[in-house]
Amino acid sequence: VPAATHAQGAVAQDAPVVIWSQPTNLSRSPRSSGDPAIVADSRGHVHVFWSEDLVGQPMREGSLPGIGNAIAYSRWDGYRWTAPVDVLSVQGETLAGLPAVALDAENRLHLVWIGQRTIYYSSAPAEAAASTHAWGTPVVVAEGSLPRTYPVAIAVDSAGTTHVVLADNSHEGAVVATRSLDGGATWAPPKVISRPPDALESSTSRVRLIIDPVGRLHATWQTNQAEG
């Protein structure tokens, strides 16, 4: 039986001591780097993606990162973080941001991110993710008026079906779901899964998606109104 705490906020006497390492600068860039997404594979490697601004001005102290124009990547191999590399972008698209990533049973990484009005998808074997040549040509998943706060989520089920849920604020705000049965080559027409907004709700954001042990999908999202 764990030792009881003796005061609110106290730590149990047998609680393990957690020691964090010093922060590591993964992007190593003077420009805007933001919106990281992280996943660990079956080998214990950690994969991190983020939005990188390849052409903007250097960041000023105290300023906040914006959405860049490429998706960058680094991997923890158990000993060190690899050098950052930009792995995905779309010609003619000015934005590449807010990535979300999932890993399937075959150790393949599935990535979605947003452009101006478009959700893009690509995938690559986890062991080759640092090579731009390993990633498939970006495919359009859906289009709409996308929020700038966690607009998209992705998950892959045990059968290999790739599921995407996204917030689309083209009208009064809706959350829609789509799926691909062929490894991301084609996507089903988006299906609205949220209820119609009430009189105060104006938009949706902060989408999350998980698959439970028996294969059921669970999605959550935030609705927004004038008061928050």
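The lining of the largest pocket draws at least two residues from each of four strands: S1 (33-40), S5 (97-103), S9 (152-156) and S13 (203-211). The model in which this pocket appears is a predicted one. The space in the largest pocket comes to about 280 Å³. Its lining consists of 16 residues, and those closest to the pocket centre are Ala37, Pro99, Ala100, Val152 and Arg208.

The wider setting of these strands is as follows. The protein contains 14 strands and 0 helices, so that, by the definition of these elements as DSSP runs, the order from the N terminus reads β-β-β-β-β-β-β-β-β-β-β-β-β-β. Along the principal axes, the C-alpha atoms occupy a box of roughly 55 × 45 × 45 Å. Among contacts with a separation of 6 or more, 47% join residues that stand 24 or more positions apart.

Of the 228 residues in the protein, 43% are buried. The exposed area is about 13,400 Å², of which carbon and sulfur atoms supply 53%. As for charge, the protein carries 15 positive and 21 negative charges, and the mean positions of the two sets lie 2 Å apart.

Two residues may be followed in detail. Leucine 166 belongs to strand S10, which spans residues 162-168. Why does leucine 166 count as buried? Its relative accessible area is 1%, and the term applies because the limit for a buried residue is under 20%. Beyond its neighbours within four places in sequence, leucine 166 is in contact with Ile119, Ala142, Leu146, Pro151, Val152, Ala174, Val175, Val176 and Val207. One of these partners, Val152, is also among the residues closest to the centre of the largest pocket. A further spatial relation links leucine 166 to leucine 209: the two are 43 residues apart in sequence, and their C-alpha atoms are 9.6 Å apart.

Threonine 220 is located in strand S14, residues 217-224. Is threonine 220 buried or partly exposed? Threonine 220 is partly exposed, because its relative accessibility is 46% and this class lies between the limits of 20% and 50%. When neighbours within four places in sequence are set aside, the contacts of threonine 220 are with Arg206, Val207 and Arg208. Arg208 has already been named among the residues closest to the centre of the largest pocket, and Val207 is likewise a contact of leucine 166. Arginine 108 lies 112 residues from threonine 220 along the chain, and the C-alpha atoms of this pair are separated by 25 Å.

Conventions: Residues are numbered from 1 along each chain as its sequence is written. This is a predicted model: local features need pLDDT of at least 70, side-chain atom pairs count only at pLDDT 80 or more; totals for chains, interfaces and linings use all residues. Side-chain values use heavy atoms; hydrogens and water are left out. Buried means under 20% relative accessible area, exposed over 50%, partly exposed in between (1.4 Å probe, protein chains only). Contact means heavy atoms within 4.5 Å. Accessible areas come from the Shrake-Rupley method with a 1.4 Å probe; for residues, only the protein chains shown count as cover. Lys and Arg count as positive and Asp and Glu as negative; His and the chain ends are not counted. The place of a charge is taken as NZ of Lys, CZ of Arg, CG of Asp or CD of Glu. On a 1 Å grid over the protein atoms alone, a cavity is a set of points where a 1.4 Å probe fits but cannot get out, and a pocket is an open set with protein on both sides within 12 Å along at least five of seven lines; lining residues have an atom within 4 Å of a point. Grid points are joined across faces, edges and corners, and a volume is the space filled by probe spheres set on the points.
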